[in-house]
Amino acid sequence: MSGPDILVGIDAGTSVIKAVAFDLAGRQLGASSVPNTYLTGQGGSATQAMGRTWDDCATALRGLGDRIPDLARRTAALSVTAQGDGTWLVGQDGPVGDAWLWLDARAAPTVDRLAAGPMNRRRFEATGTGLNTCQQGAQMAHMDAHAPDLLDRAQVALHCKDWLYLNLTGIRATDPSEASFTFGNFRTRAYDNDVIAALGLERRRHLLPPIIDGTQVTHPLTADAARRTGLLAGTPVSLGYVDMVMTALGAGVRGGAGDVACSTVGSTGVHLRAVDAGQVVLNDHGTGYVICLPIPGVVTQVQTNMAATLNLDWVLSVAAGIMSDLGHSISHRDLVVHLEGWLARSQPGQILYHPYISDAGERGPFVSADARAGFVGLSAGHRYPDLVRAVAEGLGMAMRDCYAAMGPLPSELRLTGGASRSASLRAILSASLNAPVRVSQRDEAGAAGAAMMAAVAIGAYPDMDACIAEWVTPLLDAPEPPDPALAQTYDRLFPAFAAARAALPPTWTALAANRAAQTGVSDDQHQ
């Protein structure tokens, strides 16, 4: 083609940084990736070198140039999204130390203090987001109390994608999604004085950067960034929204009739639904997120399970361990191929399993660091396939628990992640919500969501809905309807799942206290 015909989406995740090229109609042309690196330490710290992150991003873009002929001349625009939450402080001469990641748990005592404060409910009603250690607001409040020199030396507090945008364009800014769920109001997409006061950060407000919307505003790639990335100086750069909603946008959280939802069921479970801002349901427990979409007046409600397919990994590892003890070496991959058969040979709805296998407990739709997984209803006749089915059904019940905390159950589920590859798991998830499931064939949904913002910003599409119609909807498989009998079984099972979950916290607390007494170290200290 004679002119620019490529959009580049950057998705800087926790484990890998990707640069992905798409044509203007949304077809993926190529990708390049660089493994990410972060460090964990005492007290729950999880940090990432900011300079290396930019170096790795530039390397990924140069790698994409090696795969796509004449990429620099053909790039119409690029956009960047990245891992959410965390605190990336920049001072006069560059980074103020390493970034605190969303995995960093050092702010836990500050979260407990703020959550018990008189303004926390007001903060939640404005942001729609439960307070946790992941968030920049909690981390900055903890720094202000325990390491104020970090904030004293900073000129601006950014998130990961904002840091990369600064290196690409020289502009210090953030986007409406992270700004509003951390420091603002999802209805106005602006900072909120009461929220900032609830966090005790009034005197640090000057660290919050301007808010820009990447579907409306771009900035040119600087000459230095052009030299580093191999692209052309002046190429328009769009600041994407946080990766969670970029992935959902690229996978199909918006578009179609009825109440559509999108779940990524991988190692963790992320459950989102797109609603008008005026229709948001705020639960009594003060959990979840409300995150703006790059569509005027539309937000996503979000609940997340700390562990999803990690539970299946655990139950398969039990079998692998037994086989190993008997002298038979067997891999996780060897066992996965038996999953469909085990599910087929077991009776549905016989055992309850609460899938809280993570050492960090659970965060959606309730928050408990002490929550742990467990079976309820075992009998002497149950065998290993019955345990596997109970674990799989536990994922469906936990998903339903999350969606129930956000309002009525959705009428259609778009599914991504590892669970989407199993027909039996799809059937369980579909029946758990009594809703048809559609699988997205989009390989790089996060980078695609970011590139879609660039497409709208440069006028390739008049609005995001027009872009969705061409980039997203054609890549959705045909709906797989729920099995009516299985849906009825799970309708009967869910009240028992919820009742048992509500009754278990004293047991979890007692077990946590016993572990602490045996080791002399609390779970919180391990985290």
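Is Thr110 buried or exposed, and what is its relative accessible area? Keep that in mind as we tour this predicted model through a set of close-up views.

**View 1. Thr110 sits in helix α3.** Helix α3 covers residues 108-115, and Thr110 has its place there. Thr110 is buried, because its relative accessible area is 2% and buried means under 20%. Who are its companions, leaving aside neighbours within four places in sequence? Thr110 is in contact with Ala138, Ala141, His142 and His146.

**View 2. Six strands build an open sheet in the order β3-β2-β1-β6-β14-β13.** The pairing in this sheet is mixed. Welcome to its two edges: β3 and β13 each pair on one side only. Further in, β1 (residues 6-12) runs parallel to β6, and 7 bridges join the two strands. To find your place along this pair, look for Val8, which stands opposite Leu78 in β6. Helix α17 (residues 445-457) lies across β1, β2, β6 and β14. Against β6, helix α17 runs at about 130 degrees.

**View 3. Strands β2 and β3 form a hairpin with 4 residues between them.** Strand β2 spans residues 16-23 and strand β3 spans residues 28-35. The two pair in the antiparallel sense over 7 bridges. A handy landmark is Val20, whose bridge partner in β3 is Ala31. In this hairpin, please also look for Gly26, which takes a positive phi near 95 degrees.

**View 4. Strand β14 pairs with β6 in the parallel sense and runs antiparallel to β13.** Which residues make up β14 here? They are 236-239, and this strand shares 3 bridges with β6, residues 75-82. Ser79 has Ser238 as its bridge partner in β14. With β13 (residues 219-220), β14 is joined by 2 bridges. There, His219 has Val237 of β14 as its bridge partner.

**View 5. A second open sheet of 6 strands follows the order β17-β18-β16-β15-β21-β22.** Here, too, you will find mixed pairing. Why do β17 (289-292) and β22 (437-439) have one side without a neighbour in the sheet? These strands stand at the edges, and each has a single partner strand, so one side of each is left free of a sheet neighbour. On average, neighbouring strands of this sheet are turned by 25 degrees against each other, direction ignored. At the β17 edge, the partner is β18 (residues 298-305), and the two pair in the antiparallel sense over 4 bridges. Ile291 and Thr300 of β18 are bridge partners.

**View 6. The largest cavity has a volume of about 60 Å³.** The model has 3 cavities of 30 Å³ or more. Of the 14 residues that line the largest one, Val281, Asn283, Thr287, Gln301 and Gln303 are the closest to its centre. If you have just come from the previous view, two names will be familiar: β17 and β18 each supply at least two residues of this lining. The largest share comes from β18, with 3 residues.

**View 7. Helix α12 runs from residue 309 to residue 325.** How far does α12 reach from its first C-alpha to its last? The helix has 17 residues and reaches 24 Å, close to the 24 Å expected at 1.5 Å a residue. Its buried residues are Thr309, Asn311, Leu312, Val315, Leu316, Ala319 and Ala320. A general point helps when reading such a list: an α-helix has 3.6 residues a turn, so residues three or four places apart point the same way. The buried residues of α12 pack against several elements, among them β15 (260-265), α15 (384-404) and α16 (423-433). Just after α12 comes Gly327, which takes a positive phi of about 90 degrees.

**View 8. The second largest pocket holds about 360 Å³ of space.** In all, 15 residues line this pocket, and those nearest its centre are Thr309, Val336, Gly418, Ala419 and Arg421. Which elements give two or more residues to the lining? They are α12, α13 and α14. The helix of the previous view, α12, gives the most, with 4 residues. Thr309 has now appeared twice: among the buried residues of α12 and among the residues nearest the centre of this pocket.

Methods. Residues numbered from 1 in each chain as written. Predicted model: local features only at pLDDT ≥ 70, side-chain atom pairs only at ≥ 80, totals over all residues. Heavy atoms only, no water. Pairing = 2+ DSSP bridges. Axes fitted to C-alpha atoms, helices over the stretch in contact; angles between N-to-C directions. Expected span 1.5 Å × (residues − 1). Buried < 20%, exposed > 50% of the residue type's maximum accessible area, 1.4 Å probe, protein only. Contact = heavy atoms within 4.5 Å. 1 Å grid on protein atoms, 1.4 Å probe; cavity = no way out; pocket = protein on both sides within 12 Å on 5 of 7 lines; lining within 4 Å. Points joined across faces, edges and corners; volume = space filled by probe spheres on them.
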